[in-house]
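Visitor: I've got a model open on my screen and could use a quick tour. Can we talk through a sheet and a helix?

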Amino acid sequence: MISRRDFVKGGVALVSIGTTANSLLKGTLAFAAQHPADQITPNNGKILILVQMAGGNDGLNTVIPAGDPIYHSVRKAIGVADNDVLPLAQGFGLHPGLTGLKGLWDGGKLAVIRGVGYPDQNYSHFKSMAIWQAGDPDLKLQDGWLGRTLDKLETQSHDPFLGFNIGGSTPPEMQIATVAVPSVQSPADYGFKVNGRNAPASDPRIGTLMKLYEQYPAQSPYGVLLETTLESATSSASQLVAAAGSYKPAATYPKTSFGAGLSVLAEAIVGNLGMRVGHITLGGFDTHSKEVADHAKLMETLDQGLTAFYQDLAAQGRANDVLVLTWSEFGRRVQENANGGTDHGSASVMFALGSGVQTGFYGDQPSLSKLIDNGNLSFTTDFRQVYATVIERWLGTPSAPLLGKQWDQLGFIPAA
Amino acid sequence: MGTALADPNRFLERTTSRRTILTGTAALAAAGAATVAGIAAESRGSSGRPGNGPKLSDLVAGSASKVDPNAVIADPTWRAAHLLRRAGFGGTAAEIDEFAGLSREDAADRLLNYDAVDNSALDARIAAANFNLNYSTKGGTALDMQRWWLTRMAYTARPLQERMTLIWHGLLTSQLSKVGAQFARLMVAQNELYRSNALAQYDALIQAVSKDPAMLYYLDNIDSTKAHPNENYARELMELFTLGVGNYSEQDIRESARAFTGWRITPRPNTGDLEKDLASWNPQFVLAAAQHDSGVKTFLGHTGNLDGTDIVDIIMQQPAAGRFITTRLFKEFANYDPAPATIDRLVGVWDSSGHSIKAIVRAILVSDEFYSLQSYRGFVRSPVELIVGAVRGLQIETDFAPVASQEFRTMNQALFEPPNVAGWPGGDSWLSSSTLFARANFLDVFLFPRGRPAALPALASAASADTLVDTTLKTIVDANVPDATRQALIDYASTIADPALRAAAVAYLVLAGPEFQLI
């Protein structure tokens, strides 16, 4: 299998063949030439699923400091009543919609990372997302943090599913020139059709189309992107069809697009497609108004999806291999606004879920009485500590080269 | 709920494109060393120029071609086709030939001075189509809104006006799903606002959009009160519409949010017939004095009893505003990497023209940068550009009903429903394995409805396989493809006897092929 790396790092002789059988050989040769065996990260079989909660999730209404009287005084309209909070420990509890996660906490499968943020919080969605996606508040590191990680994790087999995204376009954190990440939005439509029907590999119209991409010179505008995206699409599509044939969900996924997407990720895991990093997004967390109803629905969607995903993997015997990590670009303002919502805030919570997780709280809860920036939480835990923990202790590759320095790691994944 | 940040794939201020990274690096590898003049490998953050769009004919595998990214496209036909693609959505073969004979200035003015252009054929077509642009309990409005606008783009005699409307929709964006399906009419009104102000003074456009009913709903200003100002509009006004991050403080956001409190619209009629009431509603801006904070505010160094209009005026006096909008327009029309001197020049136009969008767009459309090899095929084509470009180029008759298909939706550009308040991220994000399949499969649906070939008037007279392929390539991709591509198309076309099937098959291949995915 030829990879994007071969196009980028190989010479032109290696990029002119494309998707024919010949490219398999040339891709392998090119990879070997660039990768002395001692520089390849051994595949430890561990898989990370990153869940983006886009829009800025209200951490205070997700993991609720029910024991803190200030919480109730600043959240008179949208605060969760003590009686409704699902208790965890230390006066903290989960939003009442997170019943499945509460069960996983009780079963020792869920860790909560509190007060996660970074210095000089940026309150713009897009800037803050870019910071998390790059893994760098200065935005000086190249590419996405998972893109850099995938580059290290790639092996000679060039699994097209090494990184796998549910959605329409490659998320910025997975972007890097050397690794193509397939995106699947609608599995039924993932493949070429001719006259409305799935095209067999031998279809002459599709065969000609493939030729046009192979012949498009790599040096021409977007040449590598176009050819490697097509290559990634066709090779991943045939593997996905094979995996779908042998996968039977062992849990009932909720009828949400989030649930459907998670089941495709489970299919890739159970089908042994070589995935090391999966990505899925749940959007709608920008709750400037009507937060009580909208946030409850989001919590329920998140909870039902992740719970089914965990149950499915556990039943398939793969729960030990998979870590789910959630993130959001920021939390919300401590004081609610007049529209039953909250404006942009700072530190928030992350969940780490899986059989390999050491349950408990990590990171201190920011004080509700010592606010910064006109009413926002002061972060206690740098998000790069979380990234470093996951890169090093879970995916098994050194984190300092990927994050620019060695960060203290957290105990939600036990040290080897 | 706030803005539905569903798929925020975006690196703010890290806009160096994949095109740059990959073409630059691959070309460097091809040459073996940095001998490729002008295609020096670009690293993000360096001040070097990025990789360019060399003519395919210049590129022979293994050779170290010498292409200057700043060189102007040599072929007048390519220049004309490039202008028609970027300033509109693509031309017919006849339009390309006609524009090829014009000076840059005449060509730009032909597109810019559209008020004088008769558009009655479009008006008649729209009237006959009878799209439902009002809320209906039976549904279907969102789809008809898309078909209505695509029809306008495809058949307008004023393509730059529709192009600008799309640019404003992507920049000063609102989402039907957040505004509310019942308020579809407000989204259409916002679209008409952008169309009628497409080349207006930017101050006037921003003043108008600040009071636009759909925008008031979309960014929550409709509920903002003196007691608890909602910051959503104030923040996005500065961050996304006018200044960009770093040119205001969080305190400026809080103060300006106070200035926009109490901004409301007239209520809709209430006769008990919801559909009728919504259809007859023509809301006007009103100030609800009791909810407006008339106290003293300090905003970007100005102190006084400022209201939202004052806020917009102050914003427009900031040097950052001119830089912001000229940079944005340059990146919409020309390429992603304007040189500082280019922006300085455009800011000069902003200042001297009294913030005229028309003057800025004209300056871009006649510039060397716009016609440079770096700009040629320098963008990934959006789904809307894909379908409208196909319809215009091949002169296809369609009512755009196929946009209801799953294949169209999976391309990920539903008009009136951008992913979030930043609009469509565009660029590389249009292309993924998922969308590449969707593009090809949408073209299959579009060109082979129910398995039968669609009528393609622009290709009807092509008798032989060679003529068919050459006509298609010339109309759609400037006949600028590798020889082997032309040959592969001829070889395949020669296997199909039926002329209509053959034409649709060749059109499919050229429209789904690599060159047409760029614009």
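Visitor: In what order do the three strands of the open sheet in chain A lie?
Guide: Keep in mind that this is a predicted model. The pairing in this chain A sheet is antiparallel. Strand 2 (63–64) and strand 3 (86–89) of chain A each have a single partner strand, so they stand at the edges, with one side of each left without a neighbour in the sheet. Read across, the order is 2-4-3.

Visitor: Which residue stands opposite V63(A)?
Guide: Strand 2 of chain A runs antiparallel to strand 4 (residues 92–94) of chain A, and two bridges join them. The partner of V63(A) sits in that strand 4: L94(A).

Visitor: And which residue of the hairpin of strand 3 and strand 4 of chain A takes a positive phi?
Guide: Those two strands also run antiparallel, joined by three bridges, with P87(A) opposite G93(A). The hairpin has two residues between the strands. The positive phi, near 55°, belongs to Q90(A).

Visitor: Over to chain B: how wide an arc do the buried residues of helix 23 cover?
Guide: In helix 23 (residues 483–493) of chain B, the buried ones are T485(B), A488(B), L489(B), Y492(B) and A493(B). An α-helix has 3.6 residues a turn, so residues three or four places apart point the same way. The buried residues lie on the same side of helix 23 of chain B because their arc around the axis is only 130°.

Visitor: Which helix of chain A do those buried residues pack against?
Guide: Within chain B, they pack against helix 22 (465–477) and helix 24 (499–512). From chain A, the packing partner is helix 7 (204–215).

Conventions: Residues numbered from 1 in each chain as written. Chains lettered and ligands numbered in written order. Predicted model: local features only at pLDDT ≥ 70, side-chain atom pairs only at ≥ 80, totals over all residues. Pairing = 2+ DSSP bridges. Helix = DSSP H or I, 4+ residues; strand = E, 2+ residues; numbered from the N terminus. Buried ≥ 20, exposed ≤ 12 C-beta atoms within 10 Å, placed from the backbone. Arc of directions from axis to C-beta. Contact = placed C-beta atoms within 7 Å.
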